[in-house]
Amino acid sequence: MTATTIEQVEHVTHNDLDAAACDVVVRAAFGSGAVHTRFCGYDTVDEEILRVLERQRVRGCPSGSACLLIISDISPTSAACWHALDAAAAAGCMLVCADHHVTHAEEMQRRPWCTYDDQACGAQLLFNLFRARLLSPNLTTLPLFVAAVDAYDRWQLDGRYRLRGETLNRLYRFMGRKTFVEEFADPARDRRDDFRWLDSVLKTRAEQEVKRICTEQVRMELFQDSADGKYVVILGVDAPINDIAQVALSMYPALDFVVLISRGNTISLRSRVSGGIDISKVAQRLGGGGHRSAAGFSYALDEDLRRIVRGLLAREV
Ligand SMILES: [Mn+2]
């Protein structure tokens, strides 16, 4: 595909990290101004593609031959959609469909404008297809970015770039797709391989999360009295529990310890590091153990929840 013929790129892609990376690759290859990307699931992919084809038809494409339709990390699901694309290809429309999901492999292998390969994520497939456009000096970090997304998307758990992929996915989830793509598609910012920057962004995010949990969940009226002192229960903790506990304890001097319930069967107890109560004794009494200011015990919460739900359902019937 030559650089000069393409004025507009219509891009239909999936809705996960790989899809966002596909958007980054397409924007890097063709320039953000030329690219219009739609993110969709398997339930809407056909209607998105048909809408694009209809718009191209109305605008006079493909006779102008200046627009390209890329479908990445997902493929059409209905025969009608495949036929519409075949007709567009026969009429001279420039099409690229690149996917690594096996669902429509047979349909893809039958068509020269499709690239099916389960050994690479969508973004990697697009990178390989548009390699000639992407290897400019400004884009030296793009291959690493794509490798990290590949390690994440295809569960390459032992892969060299897996950790980076996981970091990227966390960043993607908290930044939101639009900001993520803007950050990574802009060669001037070139942050695709700046993992120190990623770490600092994630640290800020963790701090915000700690503050949010403490503001929402730790309130004086929720304090409980026990033989060991005043405590509060903090639920659904995902962020670093030590930080949450310390922030909660510093917010309320009257608080003696905090009880943190996260996923799994462990309940964590935290008291003040200096001069606080010996929380390990409490944990020990409940079948657990630990240190003076950080201890825990196990409790099969899941079992209890299942029993409660079963009870509720039985009552409904
Ligand atoms: Mn994918």
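## A perpendicular helix pair

Helix 7 and helix 8 are roughly perpendicular to each other, since angles of 65 to 115 degrees count as such. In this predicted model, the axes of helix 7 (residues 142–153) and helix 8 (residues 162–175) cross at roughly 90° and come within 7 Å.

From helix 7, the contact takes in Ala148, Val149, Ala151 and Tyr152; from helix 8, it takes in Arg162, Arg164, Gly165, Glu166, Leu168 and Asn169. These contact residues comprise five nonpolar, three charged and two polar ones.

## The five-stranded sheet

Let's turn to the sheet. It is open, with five parallel-paired strands in the order 2-1-3-4-5. Strand 2 (35–39) and strand 5 (114–116) each have a single partner strand, so one side of each lacks a neighbour in the sheet. On average, neighbouring strands are turned by 15° against each other, direction ignored.

Strand 3 (residues 67–72) and strand 4 (residues 94–99) run parallel and are joined by five bridges. One pairing to look up is leucine 68 with methionine 94 in strand 4.

## Helices on the sheet

Helix 1 lies across strand 1 (8–13), strand 2 and strand 3, and runs at about 170° to strand 1. Helix 5 (residues 122–129) also packs on the sheet: it touches strand 3, strand 4 and strand 5, and makes about 140° with the direction of strand 4.

## Nonpolar cores

The largest nonpolar core has 56 residues, of which Ala21, Val25, Val26, Ala123, Val146 and Val149 touch the most other members. Helix 1 (residues 17–30) supplies the largest share, 11 residues. Apart from this core lies another of 21 residues, including Val218, Ile234, Leu269 and Val282.

Which residues does valine 25 touch, not counting those up to four places away in sequence? They are Ala123, Leu126, Phe127, Phe130 and Val146.

Key: Residues numbered from 1 in each chain as written. Predicted model: local features only at pLDDT ≥ 70, side-chain atom pairs only at ≥ 80, totals over all residues. Axes fitted to C-alpha atoms, helices over the stretch in contact; angles between N-to-C directions. Helix = DSSP H or I, 4+ residues; strand = E, 2+ residues; numbered from the N terminus. Parallel < 35°, antiparallel > 145°, perpendicular 65-115°, else oblique. Contact = placed C-beta atoms within 7 Å. Nonpolar A, V, L, I, M, F, W, Y, C, P; charged D, E, K, R; others polar. Core = buried A, V, L, I, M, F, W, Y, C linked by C-beta atoms within 7 Å. Buried ≥ 20, exposed ≤ 12 C-beta atoms within 10 Å, placed from the backbone. Pairing = 2+ DSSP bridges.
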